[in-house]
Amino acid sequence: MSGPIFGIVPAGLPLITEPTSTPSQTSCLYALPTSKSYSHIVVFLLPNVALPANTAAAIYLATASEVAAAAQSGGTPNFRFLGGIGPGKESAMFKVGGSSASSSPEAGGLVIGVSVEPADAVGQRLQELAAGKTTGAVASAAQPSTAILAQRIIQNAFNFLASFSGTAGPGGVEVVPLRAFEDWWRKFESRVRADPSFLERQSD
């Protein structure tokens with residue numbers, strides 16, 4: 001790559017256009033500042049810059065310590081794919097905080113890798129990334145909260161024990177025999193062992 005092609009702006013920090021290193025003609029690395037913590041960065045194509053036909057820029061993230069360790073061992077850094085930019089989408093914002101790669105100075109900082117790759121390959125990775133996020137969101141939404149599960153357990157117990165209730169004493173206090181509760185607990189445990197997810201499927 002001849003001359004600056006990409007601009008990177010960590011939230012609240014100055015623009016970066018010069019790469020820290022250029023491992024190949026189609027890739028470059030940007031060591032991000034450690035003077036201030038941040039959670040997002042913006043990556044964009046500089047004005048009057050065009051990528052080669054049928055290509056896009058894949059954006060990757062790693063910690064500076066991972067990159068340094070890989071350089072010493074001759075290996076490849078453990079970069080995480082963040083997304084891509086290219087024709088029709090010349091800029092994008094990425095979240096870099098709250099992951100294994102921390103933006104705090106104590107972690108040694110972050111390194112952004114930008115690689116010019118075939119547009120089809122970058123598009124495929126973007127689809128896989130989006131599918132992974134959707135699957136995680138659906139799984140999270142489908143999982144009942146602890147409070148809901150507790151309510152369902154109580155409801156299950158109440159429905160079972162209601163038929164055993166009776167009155168005792170001069171005031172006619174409503175009571176449930178301890179044996180009835182023991183019977184419910186035994187049946188409840190048996191059902192959980194046979195079908196651990198039955199409470200998750202139970203309607204509210």
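Among contacts in the chain (heavy atoms within 4.5 Å) between residues at least 6 apart in sequence, 67% join residues at least 24 apart. The model is a predicted one, in which local features need pLDDT of at least 70 and side-chain atom pairs count only at pLDDT 80 or more, while totals for chains, interfaces and linings use all residues. Residues are numbered from 1 along each chain as its sequence is written, and side-chain values use heavy atoms, with hydrogens and water left out.

The chain contains 5 helices and 10 strands (DSSP runs, H or I of at least four residues for helices and E of at least two for strands, numbered from the N terminus). Of its 204 residues, 31% are buried, meaning under 20% relative accessible area, with exposed over 50% and partly exposed in between (1.4 Å probe, protein chains only).

The largest nonpolar core (buried Ala, Val, Leu, Ile, Met, Phe, Trp, Tyr and Cys residues joined through side-chain atoms within 4.5 Å) has 25 residues, of which Phe 6, Ile 41, Ile 59 and Ile 112 touch the most other members. Strands S1, S3, S4, S5, S6, S7 and S8 each supply at least two residues of this core, and the largest share, 4 residues, comes from S8.

Tyr 60, Phe 79 and Phe 81 are linked into a cluster by ring pairs (centres within 6.5 Å; planes under 30 degrees apart are stacked, over 60 edge-to-face, the rest tilted). The centres of the Tyr 60 and Phe 79 rings lie 6.4 Å apart with planes at 70 degrees, so this pair is edge-to-face. Tyr 60 is buried at 12% relative accessibility, whereas Phe 79 is partly exposed at 24%.

Definitions and conventions. Rings of Phe, Tyr and Trp (its six-membered ring) pair if their centres lie within 6.5 Å; planes under 30 degrees apart count as stacked, over 60 as edge-to-face and the rest as tilted.
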